[in-house]
Amino acid sequence: MTITYKDPDGIAGMRIAGRLAAELLDYLAQFVKPGITTNELDRLAEDYTTQVLGAISAPLNYAPGGHTPYPKSICTSINHQVCHGIPNDKPLKKGDIINIDVTVIKNGWHGDSSRMYQVGEVSIAAKRLCKLTFDAMWKGIMQVRDGAYLGDIGHAIQTFAEGHGLSVVREYCGHGIGQKFHEEPQVLHYGKPGTLEQLKAGMTITIEPMLNVGRKEIKELGDGWTIVTKDHSLSAQWEHTVLVTPTGYEVLTLSANSPAVPEFVKPAAPAMSLTVA
Ligand code: MF3
Ligand code: CO
Ligand code: CO
């Protein structure tokens, strides 16, 4: 597989898919409360995606090499779950933190985004982890421009995370995205400046750091999908789909209720898309 560069039609398609993914995350927010099950969230997401957005849930039956087909429409990763948690019938409880990761396909284009949600009041440690992981994602996004190196993104995320005592999961990374869910290149969330491939205008990639309060090591559960921290420490993740532009970046997975862009990202974001020169 090779890197794909989007022409103006492709960029238009990616903008729409990205916005719909963000709108799905907006929609789900109201339901994340103690007592709801992740299967109920999955059902709400599938219905909204197909009936309101007129789109397709990319995770459902997704089966990259060697994996058993993913059985649900969204990923729901709670507390020490790092990513790819499979929705089930267990109710959420007060104090949980949950990542909901959605990917929609609209007119053949993919939009991929995830956010952290807090179930009722959560601990100060959990809030801090969610906020720092959000900021780490934006530190990575801010590196994106034509000519920047993938290593610049990884380095920005890693130094920010480790500077706050958090560890960076190594086994899962961001990725190119377009008419395929996962394209080249891999976008590592750790690394050295000026290393790996250079970004070029027209590339669309995801940046989706997973940060742990404890050690970086992870393991896969027997379901073949769910990834958890080996030491059972809390983990968080945020994800945006981003277009590389000649002068900077455009975040494609923003919507009316996207969490506010951090202060350190300049300039202030317009409502639906953020373009930085
Ligand atoms: N959405 C995830 C990502 O950000 C991938 C999930 S694959 C699935 O790349 F099959 F678990 F849905
Ligand atoms: Co992704
Ligand atoms: Co995702």
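**Figure 1. Close-up of Ser-73 and the residues it touches.** In this predicted model, Ser-73 touches Asp-42, Glu-46, Ser-57, Pro-59 and Leu-60, leaving aside residues up to four places away in sequence. To find Ser-73, look in the loop between β1 and β2. Is Ser-73 buried or exposed? With a relative accessible area of 4%, Ser-73 is buried. Among the residues touched by Ser-73 is Glu-46, and the side chains of Ser-73 and Glu-46 are also joined by a polar contact of 2.6 Å.

**Figure 2. Close-up of Tyr-27 and Tyr-48, one of the aromatic pairs.** The structure holds five aromatic pairs. In this view, the rings of Tyr-27 and Tyr-48 are stacked, with 4.0 Å centre to centre and 10 degrees between the planes. Which helices do they come from? Tyr-27 belongs to helix α1 (residues 8-29) and Tyr-48 to helix α2 (residues 38-52), so their pairing ties together parts that are 21 residues apart in sequence. Tyr-27 has a relative accessible area of 22% and is partly exposed. Tyr-48, at 17% relative accessibility, counts as buried because the cut-off for buried is under 20%. Look for Phe-31 here as well: ring pairs link Tyr-27, Phe-31 and Tyr-48 into a cluster.

**Figure 3. Close-up of Tyr-62 and Phe-181, a tilted aromatic pair.** Here the two ring centres are 4.6 Å apart, and the angle between the planes is 45 degrees. Where in the chain do these two residues lie? Tyr-62 is in the loop between β1 (56-57) and β2 (75-78), while Phe-181 is in the loop between β7 (174-176) and β8 (183-187), so the pair ties together parts that are 119 residues apart in sequence. Tyr-62 is partly exposed, its relative accessible area being 23%. Phe-181 counts as buried, at 10% relative accessibility. The loop between β1 and β2 may be familiar from Figure 1, as Ser-73 has its place there.

**Figure 4. Close-up of Arg-170 and Lys-200, each over the face of a tyrosine ring.** Start with Arg-170, which lies over the face of Tyr-190, at 4.6 Å from the ring centre. Then turn to Lys-200: over the face of which residue does Lys-200 lie? That residue is Tyr-5, and Lys-200 is at 4.9 Å from the ring centre.

Note on methods
Residues numbered from 1 in each chain as written. Chains lettered and ligands numbered in written order. Predicted model: local features only at pLDDT ≥ 70, side-chain atom pairs only at ≥ 80, totals over all residues. Heavy atoms only, no water. Phe/Tyr/Trp six-rings, centres within 6.5 Å; stacked < 30°, edge-to-face > 60°. Helix = DSSP H or I, 4+ residues; strand = E, 2+ residues; numbered from the N terminus. Buried < 20%, exposed > 50% of the residue type's maximum accessible area, 1.4 Å probe, protein only. Lys NZ or Arg CZ within 6 Å of the ring centre and 35° of its normal. Polar contact = N/O pair within 3.5 Å; in protein donor to acceptor, adjacent residues only side chain to side chain. Contact = heavy atoms within 4.5 Å.
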